Amino acid sequence: MIETKAYAAPAAHAPLAPFDFQRRDVGPHDVRIEILFCGVCHSDVHQVRDEWGGSIFPMVPGHEIVGRVTEVGAHVQNFKPGDLAGVGCMVDSCQSCPECAEGLEQYCDNGFVGTYNAREKDGTPTYGGYSKQIVVTEKFVLRVSEKLDLARVAPLLCAGITTWSPLRQWNAKAGDRVAVMGLGGLGHMAVKFAAAMGCEVTVLSTSPGKEADARALGAHKFVVTKDEAAMREVRSYFDLIINTVSAPMDLTPYIGTLRLDGTMVLLGVPPEAPQLHAFNLIAKRRRIAGSLIGGIQETQEMLDFCAEHNVMSDVEVIRMDYINEAYERMIKSDVKYRFVIDLATL
């Protein structure tokens, strides 16, 4: 076993604190990675505080991991010591269901194995990236370009792929009109990706003060949704809406901004079911859909696109011992746009 240092939550609502544990030895198909940076996701807070139920303690969060390979198993083909590598939200899946066969491991019929707060196939709890190193089967390890700032790459492994996947699934392309709702950790990546794809990007926001930031990220237009006149101007306008909002809301006025056959993709999970008047869907054959993260193949495609187009997250790099303060700030949306832990400080 491999001795590993980390930060962990010992129980629900307890502050994260130093924690020592053991990673498994490197097997024939495994890759061992020295973790250099790990992004902080809002889902880390939900799971540390057991807000979704079923949390496993002690818990080492973190599923936006980038680092350098230090050891590989005898049968590993695509990685060698010294390579840069990433690990996202999954470290395994059944590999036998139709979804896995199509490279859609995130929708595995038998449930994928989460990078943390989950159990390996042998029942061992998984521990995430708030740690010095991780051992992962090669199938779930991603290549990371040397061209990119590693700290800014880390959030791509969750926030990035979560917004990339629906843009690809709904075939966003140059000239399409794409709206983004919510300019946070997810939304800022949706704006960057859609702009890099050549789409006309509009941010829909309740906050006029966010316009300068939206345009700096690549948005071409900004609509204050409380302004009825501005909303009328985008009636039946968008091909696709990426909705990252997790607050309770009435979807009806936003659905009305979709063109014929337009789609709103839900990425946020409000605590209450959203409101919607069905006629707004019926009138223009509009659709509402949902999307999770992406599969391994799609995530690699995203990372390659980012290297080619120099797309990365906007981040605030923090020390490991700042994590509890970072959680409180994140809850208040006091970060632009993602915290990333420098594991050299652990």
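Q: Why is there no bond between the sulfur of Cys 94 and the closest cysteine sulfur, in Cys 108?
A: The two sulfurs are 3.5 Å apart, too far for a bond, because a disulfide is a pair of cysteine sulfur atoms within 2.5 Å. This is a predicted model, where local features need pLDDT of at least 70 and side-chain atom pairs count only at pLDDT 80 or more, while totals for chains, interfaces and linings use all residues. Residues are numbered from 1 along each chain as its sequence is written, and side-chain values use heavy atoms, leaving out hydrogens and water.

Q: What keeps Cys 306 from forming a bond with another cysteine?
A: The closest cysteine sulfur, in Cys 158, is 14 Å from the sulfur of Cys 306, which is too far for a bond. By the disulfide rule, the count for this structure comes to zero.

Q: Why is Cys 306 called buried or exposed?
A: Buried means under 20% relative accessible area, exposed means over 50%, and partly exposed is in between (1.4 Å probe, protein chains only). Cys 306 has a relative accessible area of 0%, so it is buried.

Q: What makes the contact between Arg 215 and Glu 211 a salt bridge?
A: A salt bridge needs a side-chain nitrogen of Lys or Arg within 4 Å of a carboxyl oxygen of Asp or Glu. For Arg 215 and Glu 211 the N to O distance is 3.0 Å, so the pair fits the rule. Both residues lie in helix 6 (residues 211–217), four residues apart, or about one turn of the helix. Helices here are DSSP runs of H or I with at least four residues, strands are runs of E with at least two, and both are numbered from the N terminus.

Q: How do you know whether Arg 215 is buried, exposed or partly exposed?
A: Its relative accessibility is 39%, so Arg 215 counts as partly exposed. Its partner Glu 211, at 30%, also counts as partly exposed.

Q: What makes Asp 261 and Arg 285 a salt bridge?
A: Their closest N and O atoms are 2.6 Å apart, and the pair forms a salt bridge. This pair links distant parts of the chain: Asp 261 sits in strand 14 (residues 258–266), while Arg 285 is in the loop between helix 9 (279–282) and strand 15 (287–290), 24 residues apart. Asp 261, at 27% relative accessibility, counts as partly exposed, whereas Arg 285, at 53%, is exposed.

Q: How do you know that Asp 261 also meets Arg 287 in a salt bridge?
A: The N to O distance between these side chains is 3.7 Å. Here too, distant parts of the chain are linked, with Asp 261 in strand 14 and Arg 287 in strand 15, 26 residues apart. At 40% relative accessibility, Arg 287 counts as partly exposed.

Q: How many salt bridges does the rule give?
A: The count comes to 23. One network of salt bridges links Arg 24, Asp 30 and Glu 120.

Q: What makes an empty space a pocket rather than a cavity?
A: On a 1 Å grid over the protein atoms alone, a cavity is a set of points where a 1.4 Å probe fits but cannot get out, while a pocket is an open set with protein on both sides within 12 Å along at least five of seven lines. Lining residues have an atom within 4 Å of a point. Points are joined across faces, edges and corners, and a volume is the space filled by probe spheres set on them.

Q: Which residues lie nearest the centre of the largest pocket?
A: They are His 42, Leu 186, Thr 244, Ser 246 and Gly 268, out of 50 lining residues. Two or more residues come from each of helix 1 (42–48), helix 5 (185–196), strand 11 (200–205) and helix 11 (323–331). Helix 1 gives the most, with four. The largest pocket holds about 1600 Å³ of space.

Q: Which residues lie nearest the centre of the second largest pocket?
A: Arg 24, Glu 120, Thr 124, Pro 125 and Val 135 do, among 19 lining residues. About 370 Å³ of space lies in this pocket, and strand 8 supplies the largest share of its lining, four residues.

Q: How many cavities of 30 Å³ or more does the structure hold?
A: There is one, and the largest cavity has a volume of about 70 Å³. Its lining includes Gly 88, Phe 140 and Ile 293.
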